[in-house]
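Biologist: I would like a close look at a single part of this model, explained plainly. Please take one helix as the starting point and then relate it to the rest of the chain.

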Amino acid sequence: MAIQSALTGHLVFSTLHTNDAATAVTRLLDLGTEPYLLASSLIGVLAQRLVRKVCKDCVRRNTASAEELVWLGTNDGERPLCRGEGCAACRQTGYRGRLGIFELMTVNESVRRHIQSCSTASQIKAAAANAGMRTLRDAGLAKVLDGITTIEEIERVTMRATEALEATADPAPGIP
């Protein structure tokens with residue numbers, strides 16, 4: 001019904017439980033939506049996750065380790081990262097409050113072709129990333145660099161999405 005409404009010009013908003021934006025496409029296909037109808041009607045998918053914020057009452061800035069610099073994709077050894085040490089305000093967790101990180105996949109011609117050919121979620125995600133999509137992990141990285149959250153928190157939240165995406169990839173040739 002939602003696809004039919006979208007095809008007749010209505011703007012349809014809906015929710016769907018998936019790990020990232022690209023997986024929403026494969027989930028809709030798994031639900032029986034015809035690829036050509038989905039490709040014609042879908043204009044975008046927004047994925048969102050909540051991440052914990054570093055507690056402002058017990059925050060401590062430390063210089064990033066070599067491993068953290070690799071994760072951040074930089075060689076700036078002077079990069080300060082924030083961590084909460086734990087206090088009464090955050091109940092010794094080091095985190096207090098939450099904020100959203102977002103991934104918006106707009107459906108361009110490349111993504112549309114992948115939808116029509118029933119590509120895997122990882123192929124769709126790669127096409128969207130090539131067109132400039134900022135992934136959940138990228139959005140989280142920006143929050144780490146701003147001192148709002150930690151690498152561990154972004155890994156915790158986005159690793160599930162990465163693992164699920166890898167699990168939906170095509171199996172090796174010869175494996176049923």
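How many of the 10 residues of α2 are buried, and is the helix largely enclosed or not enclosed by the rest of the structure?

Modeller: This is a predicted model, so the confidence comes before the helix. The mean pLDDT of the protein chain is 88, and 89% of its residues reach 70 or more. Residues 168–176 have a pLDDT below 50, and beyond near neighbours in sequence this stretch has 5 contacts in the model. Where pLDDT is low, the predicted coordinates should not be read in detail.

Now the helix. In α2, 7 of the 10 residues are buried, so the helix is largely enclosed by the rest of the structure. The buried residues are Ala 21, Ala 22, Thr 23, Ala 24, Val 25, Thr 26 and Leu 29. To count as buried, a residue must have under 20% relative accessible area. After α2 comes Gly 32, with a positive phi near 105°.

The helix also has a part in the largest nonpolar core, which has 36 residues. Helix α2, residues 21–30, gives the most to this core, with 5 residues. Val 25 is among the residues with the most contacts inside the core, a list that also holds Leu 38, Leu 42, Leu 72, Met 105, Val 111 and Ile 115. In soluble globular proteins, nonpolar side chains tend to be buried together. Val 111 shows how parts of the chain meet: leaving aside neighbours within four places in sequence, Val 111 is in contact with Met 105, Thr 106, Ile 124, Ala 127 and Ala 128.

The same helix helps to line a pocket. α1 (2–7), α2 and β1 (44–54) each supply at least two residues of the lining of the largest pocket. β1 gives the most to that lining, with 6 residues. The pocket has a volume of about 940 Å³ and is lined by 28 residues. Phe 13, Ser 14, Thr 15, Gly 44 and Val 45 lie nearest its centre. By type, the lining divides into 16 nonpolar, 10 polar and 2 charged residues.

Further along the chain, helix α7 (residues 136–145) has Leu 136, Ala 139, Gly 140, Leu 141 and Val 144 buried. Gly 147 follows α7, and its phi is positive, near 75°. Helix α8 (residues 151–167) contains Thr 158. Thr 158 is buried, with a relative accessible area of 3%. Not counting residues up to four places away in sequence, Thr 158 touches Ile 101, Leu 136 and Arg 137. Leu 136 is one of the buried residues of α7. The C-alpha atoms of Thr 158 and Asn 19 are separated by 8.5 Å, although these residues are 139 residues apart along the chain.

Two loop residues remain. Most residues other than glycine have a negative phi. Arg 91 has a positive phi near 60° and sits in the loop between β3 (80–84) and β4 (95–106). Arg 91 is exposed, with a relative accessible area of 74%. Cys 118 also has a positive phi, near 55°, and is found in the loop between α5 (109–116) and α6 (121–130). Cys 118 is partly exposed, at a relative accessible area of 46%.

Terms used: Residues numbered from 1 in each chain as written. Predicted model: local features only at pLDDT ≥ 70, side-chain atom pairs only at ≥ 80, totals over all residues. Heavy atoms only, no water. pLDDT = per-residue confidence, 0-100. Contact = heavy atoms within 4.5 Å. Core = buried A, V, L, I, M, F, W, Y, C linked by side-chain atoms within 4.5 Å. Buried < 20%, exposed > 50% of the residue type's maximum accessible area, 1.4 Å probe, protein only. Helix = DSSP H or I, 4+ residues; strand = E, 2+ residues; numbered from the N terminus. 1 Å grid on protein atoms, 1.4 Å probe; cavity = no way out; pocket = protein on both sides within 12 Å on 5 of 7 lines; lining within 4 Å. Points joined across faces, edges and corners; volume = space filled by probe spheres on them. Nonpolar A, V, L, I, M, F, W, Y, C, P; charged D, E, K, R; others polar.
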